[in-house]
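Please examine the structure shown below, with attention to its charged side chains and its nonpolar interior.

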Amino acid sequence: MRDLGALVASLVVGAGLVGVPLPASAATTPVTCSAVVPVYAVDSGGKLRWYGHRQGASGADAWADGSGREIGHGWNTLTKVFSGGAGVIYAIDRDGDLKWYRHLAPSTGEEGWAPGKRTVIGTGWHDIVDAVSTGSGVIYTLDRSGDLRWYRHLSPTTGAEGWAAGSGKVIRSGWTAVTRLMTGRDGTLYGVNTKGYVRWYRHTDPRGGGTAFGEGTGLVVGEGWDGYRSMSAAGGGVMYGLDLTGRLWWERHADPLAGAPVWQARRTARTGLAGLTSVFADATACAANTSFSGYAAGRQGQTLAYRNGRVRAAFTVGARTALTFGDLRTLTEANSKASVATRARVSLLPAPWALGAPWAGEWLDRPRDAGEEDLLAIATQYLAQAPDRTKDGLRYAGDADYGPLLADGTRQEGSDFNDYLGVPWSYPGKTDAPEAKQKGALDCSGFVRMVFGYRGGLPLGVEGAMPAGALPRRAVEMAEDTAPGVTVIDGKGAKPASYADLQPGDLLFWDGSSDDGTAIDHVGVYLGIDSTGRHRFVSSRKSVNGPTLADVGGPSTLDGEMLYDRSWRKARRI
């Protein structure tokens, strides 16, 4: 298969959307924005400036006349400034007073303010790490103790002082690592931590201030946001980030309603803004279309399938694996202190994905049994202390070894899936007999072939018998572009610079041994970001005698400055 970068060009991305509906849909895009998205900015001299982004739903660099116009001054005396939606701006000064403003022309940028600007509507707003509003007077603050507090200003349009009962209550705690907040309207919140991870939260009672949050709250949906010095959201998953060079980026979390970790491709919205110290978009300028059902383009060659405004599945051009999203579950191992909480399911498609695939609608809508196993669940069935599973007298799953013990105390390589099973396997013109001493064992590539091939249904091959689209026997062969799937990350012989394009189910490749030059010599399966904030995988390793996602014999993570951090080279998506 070709590299993913070459395949992306085959998508008609245009404004970031692929308008091929599944069923008939009242909405034509997954997000709707006002004709002009107001983006406010404070410059180094304390001037408040207005910009009008004309392409809020796509991120294209198109701006209204007058963008950059000064509409106020003295705003560098304020410690926090944030949008309340529809021209309303809240600001916290150095004395801890909360002040109200309303810009009268947010869509055109003329200078003009409603009577009562700078009205103090609250006091005691000290020690605030960040504050945001979802509109309609709803405000969330994060304090230095890590407490998230809820407020509702009763008169956001006029600025009269008055607050709903319960305002100021703590609705979430323990957010000490979070440094920035963003909103997505209707109770959707994003918290960005010190590592640049974006976590998604769904507050179920934004109007009343209840303490309940929806399923999936707190899961990481994005990363790499530590490169922005200022960030803000406009609703509907649309976000703006100002980097250190003065470039304003448009980003969109593609599933703000349900929190799937999928994004549209980020775009440069504007350049030449190095003189700005902060930006904040109108918090209610965009909204997710809850009636949208159809396809939209994601990043890195992804096609996102929507049902009623929520992402049902994520496909990748040229890949046979797809992500779907279900109930929250936890992937762990008996001897592991870390775990991976995820809603992602990894499934094998009937054929490599291409837009317009005739089987797509049926595949998406087919009933799924409650106990149906995806590839990640299958992978965990070979970990330490996993129970045996048998069918017709054949043990097809259960705690697996790596290989027979050798005289020098190491484990022998070469245990394929049929060795584990103890059965012969026929390939075109060739039959592979099992090795009796390798029964119940899987080496690294044998483990991958068991999960994706024997259990998942992907065709398998061996040297001299390699059908089209078949998964090869060795890790180094699986890493080649001739193997099934597409390359999503390639460090070109070095550790890749970013993890951002990884998704659960991707194959990871390492050059971990020093006795074979720079050849790929290990393969595993990416699971996601774990409970410690690291990128965790599962693989079969000699040092622990079998498949593991735990940290015995070295961390099963791509970060941490240990072996599998330093020697990671590549990721491919089958």
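A salt bridge is taken here as a side-chain nitrogen of Lys or Arg within 4 Å of a carboxyl oxygen of Asp or Glu. The model under discussion is predicted, and a search of the whole structure finds 25 such salt bridges. K492 and D490 provide one example, their side chains meeting with N and O 3.6 Å apart. This pair counts as a salt bridge because 3.6 Å lies within the 4 Å limit. K492 is exposed, at 69% relative accessibility, whereas D490, at 31%, is partly exposed.

Other salt bridges join parts of the chain that are distant in sequence. D365 pairs with R307, and the closest N and O atoms of the two are 2.8 Å apart. Here D365 belongs to helix α2 (residues 360–365) and R307 to strand β24 (residues 302–307), with their positions 58 residues apart in the chain. How accessible is R307, buried or exposed? R307 has a relative accessibility of 12% and therefore counts as buried, the cut-off being under 20%. Its partner D365 is partly exposed, with a relative accessible area of 44%.

A further salt bridge is formed by the side chains of R455 and E373, at 3.2 Å from N to O. This pair also links distant parts of the chain: R455 lies in helix α5, E373 in the loop between α2 and α3 (375–379), and the two are 82 residues apart. E373 is partly exposed, at 35% relative accessibility. Charged residues may also be connected in larger groups, as with D416, D443, R449 and R473, which are linked in a network of salt bridges. In general, side chains of opposite charge can pair when their charged atoms come close.

The nonpolar interior comes next. The largest nonpolar core has 53 residues, and Y382 and F452 are those with the most contacts inside it. Helix α5, spanning residues 444–455, gives the most to this core, contributing six residues. The same helix holds R455 of the salt bridge with E373.

Which residues surround Y382, apart from its neighbours within four places in sequence? Its contacts include the aromatic residues Y396, Y420 and F447, together with A397, A400, L442, M450 and P547. G398 and the charged residues D399 and R455 are also in contact with Y382. R455 thus appears in two settings: R455 touches Y382, and R455 forms a salt bridge with E373.

A second core, separate from the one described above, has 20 residues, among them Y51, V238, Y240 and L248.

Methods:
Residues numbered from 1 in each chain as written. Predicted model: local features only at pLDDT ≥ 70, side-chain atom pairs only at ≥ 80, totals over all residues. Heavy atoms only, no water. Core = buried A, V, L, I, M, F, W, Y, C linked by side-chain atoms within 4.5 Å. Buried < 20%, exposed > 50% of the residue type's maximum accessible area, 1.4 Å probe, protein only. Helix = DSSP H or I, 4+ residues; strand = E, 2+ residues; numbered from the N terminus. Contact = heavy atoms within 4.5 Å.
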